[in-house]
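Please open the model in your viewer and keep the selection tool at hand, for this tour goes from one selection to the next.

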Amino acid sequence: MAHKEPQIVVLPPDTEKIKKLWKVALFLLFVTMVEFVIAFTMDHGPLKTFIFVVLTIVKAGYIVGEFMHLRYEVKVLFWAVLIPMIFVVWMLVAFVYEGMQIIPQ
Amino acid sequence: MDHSTAAITPGKSVWDGGASPMGISYGKLMMWFFLMSDAFTFSGLLITYGLVRSSNPAFEGSVESFQFATTHWPIPEKVFDAVPFLHGVELPLVFVGIMTFVLIMSSVTMVLAVEAGHRMDRLAVEKWMLWTIVGGLTFLGCQAWEWTHFIIGTEGGTVMSGYIDGKMTAYTVTGANLVQNQYGPPAFADFFFFITGFHGFHVFSGVLLNFLIFYNTVSGVYDRRGHYEMVEKVGLYWHFVDLVWVFVFTFFYLV
């Protein structure tokens, strides 16, 4: 039986898509640099923590949405991944609040 | 690329069988589910860190007057302020910044490998996979240095006091391990080892998987198969590792 090699067609690079990926990467690096600036210019406090959390979620959104392609997937999959993360947020809030009530020895 | 197994017949629900309701292949869907469970594991670790940290008193006073003590939680920028080859120079968080940069860059090269896979461009996949592996190994090397520095500690260590044989005694602690920690409460070192260690283990497995994919690409497995979907699946895992680092970076090093 003759083994037939599959015909491989190499397509040219999608320059627009590649350009967009590099733009996302630059944006991520930019946000990290902003975080650095804030880390050394702002006083420690709830506002600083809040800014860091927001910037982290922005970065996470770009990684999951663009790099992991979730933004372009079917809505069912998109929500199936996102909705369970509510539990994580709730757990974080509950445990940090609980931690503040513990009196250290 | 179309991954659905069959066209949907009008009037029939996508959930009636014969179609992929999620619009992706079985393998990719299972990778997503695995990553979800992994996200919960990492959340467990980071949330426990949040609990213990918020139960310990924070340092009161200016950052300049900060000193290591078990009575308050350390300020991370005062703990992680060393960079290889620059001994004695105080460069807070610079090395962690470099590590973050390395990991984000290796994430980009991974996406470019996936993009090349869509086009069946074997040479481009090889090139970008190799860069991704280099990035992963660089990150692991950085982490090894970071751990070594953390374990060995600073010159002179920190004088701490505690009960030894029922008597309050002053003693010097140099470096950190699971029971003693010169930088602050022992729990801080425990979390450092567990969280960055668990993440580092993921990076290590990721490098192994990336190498496997690179090997299969070079030997033409995916050309024969007719698609490069394995690159996408491992790509999902690699981005997840990057994603976790984004959270570790914020909650362990910045906040």
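Helices (DSSP runs of H or I, at least four residues) and strands (runs of E, at least two residues) are numbered from the N terminus. This is a predicted model, in which local features need pLDDT of at least 70 and side-chain atom pairs count only at pLDDT 80 or more, while totals for chains, interfaces and linings use all residues. Residues are numbered from 1 along each chain as its sequence is written, and chains are lettered from A in the order in which they are written.

Select chain B and colour it by secondary structure: there are seven helices and two strands, and along the sequence they follow the pattern α-α-α-α-β-β-α-α-α. The radius of gyration of chain B, taken over C-alpha atoms, is 23 Å, well over the 18 Å that the globule rule (2.2 Å times the number of residues to the power 0.38) gives for 255 residues, so chain B is more spread out than a compact globule. Turn chain B about its principal axes, along which its C-alpha trace spans about 80 × 45 × 35 Å.

Next, show chain A as well, and look at where 43 residues of chain B are in contact (C-beta atoms, placed from the backbone, within 7 Å) with 43 residues of chain A. On chain B, select α1 (26-55), α3 (94-118), α6 (221-225) and α7 (229-254), each of which supplies at least two residues of the side that touches chain A. Which helix gives the largest share of that side? It is α1(B), with eleven residues.

Finally, colour the side of chain B that touches chain A by residue type, which divides its residues into 23 nonpolar (Ala, Val, Leu, Ile, Met, Phe, Trp, Tyr, Cys and Pro), eight charged (Asp, Glu, Lys and Arg) and twelve polar (the others, Gly among them).

Technical notes:
Two residues are in contact if their C-beta atoms, placed from the backbone, lie within 7 Å.
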